[in-house]
Amino acid sequence: MGGVSFGLLGPISVWSGGEERDAGPPQQRGVLALLLLGEGRQVSLDEIVGALWDDGAPRSAVVSTRTYVSRLRRVLADGGGAGLGTEAEIRSAGGGYQLVVDPGAVDVTVFRQTTAAARQARERGHLAEAARLLRGALALWRGPAFDGLGGAFFEGRRTWLEQLRASAVEERWALDIERGDCGPAIAELTRATAAEPYRERLWELLMWALDRDGRREEALAAFRRIARLLDDDLGLDPGPGLRRMYASINATAGASLV
């Protein structure tokens, strides 16, 4: 496999020809992450310094940033950045830098594009294709996004990407249930509700999967379990999504008795 590619969905990584390159210490990797997230636009020195040091930038911050950029340029040159057929290089731009790279070489971009393609496939009724695309997108994750990087900027972006990941996982479960592949979904959702017991969407999906699998009483019992948990621990009633799922299952059960 030729060319250079970049990973942000886990530790910040650079690969060339299938081999990982040393992208340097955490702050140098942070510069690379910022430039990749810029998606080809100019990222100013002020943006980089603010993201790396928050409000505690030392006097040497600008000099250090320029050193990191110089080292990253050598990493890309050693990695054969032109192997993609388009440039993969850091350019000086105004008061900052831009990283010119094939979007298909950045895992975050591929993840977002693939999940969007999966949604389109589902809208066209191509459920198997949508499920395949989502599995491929989720396989790009190697750990927490920007693993090893701290600071408010990266924490915010990490939260955003983790929310996108959670939505993709939920959509994959929904597709599996819709296609009748309920067994694996039930097992995964049972573990997920144990790990995040107050996340109501997980319970909705679990109830749906149990009902589709012919386990209606278990689905209704799951509703009673989360309703009791919400009331006892948080003093809350089930939300509208859970109530709709419960009503739908109950209505189906009533219809089957007629």
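1. Let me start with a residue you may like to click on: at 25% relative accessibility, Leu229 counts as partly exposed. Leu229 belongs to helix H9, which covers residues 216-234. This is a predicted model, so please read every value here as computed from it.

2. What does Leu229 touch, once its neighbours within four places in sequence are set aside? The partners are Pro197, Tyr198 and Leu234. One of these pairs spans a good stretch of chain: Leu229 and Pro197 are 32 residues apart in sequence, while their C-alpha atoms are 8.2 Å apart in space.

3. Now for the overall picture. The secondary structure of the protein consists of 10 helices and six strands. The radius of gyration is 23 Å, well over the 18 Å that the globule rule gives for 258 residues, so the protein is more spread out than a compact globule. Along the principal axes, the C-alpha atoms fill a box of roughly 75 × 40 × 25 Å.

4. How much of the chain is buried? Of the 258 residues, 43% count as buried. Among contacts with a separation of 6 or more, 58% are made by residues 24 or more positions apart. The accessible surface comes to about 12,800 Å², and carbon and sulfur atoms account for 50% of that area.

5. A quick word on charge, in case you plan to look at electrostatics. The protein has 32 positive and 35 negative charges. The mean positions of these two sets are 2 Å apart.

6. Helix H6 is worth a look along its axis. It runs over residues 152-178, which makes 27 residues. From its first C-alpha to its last, H6 reaches 39 Å, close to the 39 Å expected at 1.5 Å a residue. Just after H6 comes Gly180, with a positive phi of about 85°.

7. Helix H4 (residues 107-123) holds Thr114, and Thr109 lies in H4 as well. Are these threonines buried or exposed? Thr114 is buried, with a relative accessible area of 17%; Thr109, at 13% relative accessibility, also counts as buried. The cut-off for buried is under 20% relative accessible area.

8. The two threonines can be followed through their contacts, again leaving aside neighbours within four places in sequence. Thr114 is in contact with Leu133 and Ala137. For Thr109, the partners are Glu39 and Pro103.

9. If you check backbone torsions, please stop at Asp54. Although Asp54 is not a glycine, its phi is positive, at about 55°. Where does Asp54 sit? It is found in the loop between helix H2 (45-53) and helix H3 (61-78). With 38% relative accessibility, Asp54 counts as partly exposed.

10. Phe146 deserves a similar stop. Its phi is near 55°, a positive value in a residue other than glycine. Phe146 is placed in the loop between helix H5 (127-138) and H6. At 0% relative accessibility, Phe146 counts as buried, whereas Asp54 counts as partly exposed at 38%.

How values were computed
Residues numbered from 1 in each chain as written. Predicted model: local features only at pLDDT ≥ 70, side-chain atom pairs only at ≥ 80, totals over all residues. Heavy atoms only, no water. Helix = DSSP H or I, 4+ residues; strand = E, 2+ residues; numbered from the N terminus. Rg over C-alpha atoms; globule rule 2.2 N^0.38 Å. Buried < 20%, exposed > 50% of the residue type's maximum accessible area, 1.4 Å probe, protein only. Contact = heavy atoms within 4.5 Å. Areas by Shrake-Rupley, 256 points an atom, 1.4 Å probe, with all protein chains shown as cover. Lys, Arg positive; Asp, Glu negative; His and termini not counted. Charge placed at Lys NZ, Arg CZ, Asp CG, Glu CD. Expected span 1.5 Å × (residues − 1).
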